[in-house]
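Dear colleague,

Please find the structure below, as agreed. I would be grateful if you could look through it alongside the notes that come after it.

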Amino acid sequence: MSLETVLSRIDQDLPSSIDRLMELLRIPSISTDPAYKDDCQTAADWLVADLQSIGIDAQKRQTPGHPMVVGHIDGPGPHILFYGHYDVQPVDPLELWDRDPFDPALEEVDGHKVIRGRGSSDDKGQLMTFVEACRAWKAVNGSLPCKITFFFEGEEESGSPSLIPFMQDNSEELKSDIALICDTGLFGDSTPTIVTMLRGLLGEDFTITGPDRDLHSGMYGGIAMNPIRVLTRILADLHDDTGRITLPGFYDGVEELPEDVLAQWQGLNFDHESFLGEVGLKDPAGEQDRMPIEMIWSRPTCDVNGIWGGYTGAGFKTVLPSQASAKVSFRLVSKQDPNAIRKAFREYVESRLPEGFSIEYRSDKGSPGSQMSIDNPMFEQARLALSDEWPNPAAYVGCGGSIPIAGYFKDILGTDAMLIGFGKDDDQIHSPNEKYDLSSFHHGVRSWARILDALTKRG
Ligand SMILES: [Zn+2]
């Protein structure tokens, strides 16, 4: 039967899809708070039963933390894995909610219907978009168009401690042709996105020591070198006047955007003035020869996150401190090597320390940026399918932060991950009054039906 039949089935079934989501939203599955441990089990049980009702062979799988839900259904064509998480963020401060966060409801906001409640967007609402698409497909066709594995975790909001070991222990079962992850958002209100670039992160936390004790500036000021003076000069010189980072070799491995992606980004008409205006700023601070959207998504950064030393209490103490410290972090892209950058940073800092100064580092392990292989034809098939559903064509986008799960699929299972989601910037995920646009939910379900069709037919 045709895709159109599945889509009309989704439209007709929307009221009961909403009812099912509401049931899931009523379970307070807060993963970080041990008081809600049983509720996490209940949410997993609910999902197992719901998947079974569609004919999926689903099980709750215990871990040292909250359980995973894994479901399989056979079919022809490629093997698709879908990932989502059923745990939610804590709700405090509760007094800022306009309703009980676990008593969800449909509300009207500025003429739009929204589903209000904790987890409505992140990630129960998003997770159910895919489940509902499969339900409609199965109802219309009697089977699904390909082999599908459902993989839901209950610890995403508390750092996913069981995820890597579980993926390692069950890698044969979870290995697939593509992993679909639904935990991201639209660009603006109506442009669907596939996140294909995620920035990595490298941090350096260090202290430089000059004189072996704090000195009095009346006695030593002028003759003794002040570590804060040394440190601030080092930090200030990390960027040049055009916003470029000055570390030797820093841009090694940074790739230019493919032409078609560059054109898509230009087409997004990112309004940097209002983006910066919202936080009281005006001019983009990155490399001046780059589009502002590149500064967030595809260019590497260096930021001083903290700096301290000397006397910062009330009044004055004319101290010339012995030490000065800073935390510096880098967002990394494409093939930049965190180890090489750490080495370049340390050489740069140490080359600028005066005779007699020493340095001590307290640093974490770095992670490189990740880039999905969009030459896998499934990416373009999914992008075209999304473009058929929404008013604007879908774009491959970057994500300034990190979504570690995407990298795990690649590193542990060797599977490319496609991050597609229907959240909006004002969904207030992690905050009071979280909501999910009803039309995002509806178009989200329809989008997955189109994507399933495209991945299995056009492929
Ligand atoms: Zn999430």
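The notes below cover the metal site and then the salt bridges. Please bear in mind that this is a predicted model.

Metal site

The zinc ion is held by His85 through NE2, by Asp122 through an OD atom, and by Asp183, which appears twice with OD atoms. The coordination distances run from 1.9 to 2.4 Å. The angles among the 4 donor atoms range from 53 to 143°, and the site is irregular. A tetrahedral assignment would require all angles to lie between 85 and 135 degrees, so the range of 53 to 143° rules that description out. For reference, the ideal angle for four tetrahedral donors is 109.5 degrees.

Along the sequence, the donor residues follow the spacing H-x36-D-x60-D. His85 belongs to strand β3 (residues 79-85), whereas Asp122 sits in the loop between β5 (112-116) and α3 (124-141). The pair therefore ties together parts of the chain that are 37 residues apart in sequence. Both of these residues, His85 and Asp122, are buried.

Salt bridges

The model contains 35 salt bridges. Three of the pairs may be of interest to you, and they are set out here with the accessibility of each partner.

Arg61 pairs with Glu173, with 2.8 Å between the closest N and O atoms. This contact links distant parts of the chain, since Arg61 is in strand β1 (residues 57-61) and Glu173 is in helix α5 (residues 171-174), 112 residues apart. Arg61 is buried, at a relative accessible area of 18%, while Glu173 is partly exposed, at 25%.

Lys175 and Glu172 also form a salt bridge, with an N to O distance of 3.3 Å. Here Lys175 is partly exposed, with a relative accessible area of 37%, and Glu172 is exposed, with a relative accessibility of 63%.

In the pair Lys435 and Asp426, the closest N and O atoms are 3.9 Å apart. Lys435 is buried, with 9% relative accessibility, because the limit for that class is under 20%. Its partner Asp426 is partly exposed, at 46% relative accessibility.

Finally, there is a network of salt bridges with shared partners. The residues joined in this network are Arg244, Glu256, Glu287, Arg290, Glu294 and Arg299.

With kind regards

Definitions and conventions
Residues numbered from 1 in each chain as written. Predicted model: local features only at pLDDT ≥ 70, side-chain atom pairs only at ≥ 80, totals over all residues. Heavy atoms only, no water. Donors = N, O, S within 2.8 Å, 3.2 Å for Na, K, Ca; no water. Tetrahedral: all angles 85-135°; square planar, octahedral: opposite > 155°, others 65-115°. Helix = DSSP H or I, 4+ residues; strand = E, 2+ residues; numbered from the N terminus. Buried < 20%, exposed > 50% of the residue type's maximum accessible area, 1.4 Å probe, protein only. Salt bridge = Lys/Arg side-chain N within 4 Å of Asp/Glu carboxyl O.
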